[in-house]
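Visitor: Could you take me on a close look at a single part of this protein? I would love to see how its strands are put together, and then where that part sits in the whole.

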Amino acid sequence: GEVTTSTSGEYVGGLVGHLRAQHGDEEVRNVTASGNVSSGGRYVGGLIGYVRDDGTHYVAMSEAHATGNVNTTYAEESNAYVGGLVGRFKGSEFTDISATGDVTSTTGNEVGGLVGRVVMRNNGIVANASATGNVTTTGQRVGGLIGYHRTGTILRNVTATGDVSTDGQSVGGLVGDTDASITDASATGEVTTSTTGEYVGGLVGHLRAQHGDEEVRNVTASGNVS
């Protein structure tokens, strides 16, 4: 079913609004949500708004899927954390996951077709992940799959097919901003930003080697970039 909150609602998801690992390691496995999710605040996802660990206890997420459009009317020029599956994810495993709806944020940074921001723990890998919806906002760090991916881990067997449109910088058909190694990846959507947008790519907008040597292997991008 559809989930709709007030103009200021935060932590909104089709299944769970806010999932935290505070008393032990947590697992999210073999879960789905179907239906549009709409909010006026931050941390919005088709399945879960915000998944986070506490640095001692960790969250593993796999075989998780969401179908439906995700939208927020959040209007501040800061991080919105919006994704087709999860708005923001901080955990140790993120595999076999997908989202199929369009993702729209009135403004705000860190918006992705699958997840707005990912922070991986314990050298966790993002693998077997896909997103098919269009991504639209006016912020930065925006991607067809992931808006912002941190901590120098690996993206493997990942795809995005939706168009990406924003006015900001660090924009990619797959990932907006990352310091990960990327293998077996593709993006097919068009990428569009304003005349002042910087760091714009068909696959990745901004890729940085910050935590070690990085590799980009067996990747393709086929959409127009403007």
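Guide: Let's start with the open sheet of seven strands, which in this predicted model has the order 2-6-10-14-18-22-26, with parallel pairing. Look at its two ends: strand 2 (12–13) and strand 26 (200–201) stand at the edges, and each has a single partner strand, so one side of each lacks a neighbour in the sheet.

Now step inside the sheet and pick out one pair. Strand 6, residues 44–45, runs parallel to strand 10, residues 79–83, and two bridges link them. If you want a particular spot to find on screen, go to G45, whose bridge partner in strand 10 is G83.

Just before strand 2 there is a residue that deserves a stop. Y11 lies in the loop between strand 1 (3–4) and strand 2. Here is a general rule to keep in mind: most residues other than glycine have a negative phi. Y11 is not a glycine, yet its phi is positive, at about 55 degrees. With a relative accessible area of 33%, Y11 counts as partly exposed.

You can find a second case of this kind further along the chain. N122 sits in the loop between strand 15 (115–120) and strand 16. Its phi is near 55 degrees, again a positive value in a residue other than glycine. N122 counts as exposed, because its relative accessibility is 53% and the exposed class begins over 50%.

Follow the chain from that loop into strand 16, residues 125–131, and you reach A127. This residue has a relative accessibility of 5%, so it counts as buried, the cut-off being under 20%. What surrounds A127, if we leave aside its neighbours within four places in sequence? Its contacts are F94, T95, D96, R156 and N157. For a sense of distance, try T161: it is 34 residues from A127 along the chain, and their C-alpha atoms are separated by 16 Å.

Other strands pair in parallel too. Strand 19 (residues 146–150) and strand 23 (residues 175–178) run parallel and are joined by three bridges. Within that pairing, H149 has T178 of strand 23 as its bridge partner. Strand 23 also runs parallel to strand 27 (residues 204–207), again with three bridges. There you can see D177 standing opposite H206 of strand 27. As you trace any of these, remember that in a regular strand the side chains alternate between the two faces of the sheet.

Finally, zoom out to the whole protein chain. Its secondary structure comes to 28 strands and zero helices. Among contacts with a separation of 6 or more, 81% join residues 24 or more positions apart. The C-alpha atoms fill a box of roughly 40 × 35 × 25 Å along the principal axes. A compact globule of 226 residues would have a radius of gyration near 17 Å, and the chain's 15 Å agrees with that.

Of those 226 residues, 54% count as buried. On the outside, the chain exposes about 9000 Å², with carbon and sulfur atoms supplying 39% of that area. As for charge, there are 13 positive and 24 negative charges, and the mean positions of the two groups are 7 Å apart.

Conventions:
Residues numbered from 1 in each chain as written. Predicted model: local features only at pLDDT ≥ 70, side-chain atom pairs only at ≥ 80, totals over all residues. Heavy atoms only, no water. Pairing = 2+ DSSP bridges. Helix = DSSP H or I, 4+ residues; strand = E, 2+ residues; numbered from the N terminus. Rg over C-alpha atoms; globule rule 2.2 N^0.38 Å. Buried < 20%, exposed > 50% of the residue type's maximum accessible area, 1.4 Å probe, protein only. Contact = heavy atoms within 4.5 Å. Areas by Shrake-Rupley, 256 points an atom, 1.4 Å probe, with all protein chains shown as cover. Lys, Arg positive; Asp, Glu negative; His and termini not counted. Charge placed at Lys NZ, Arg CZ, Asp CG, Glu CD.
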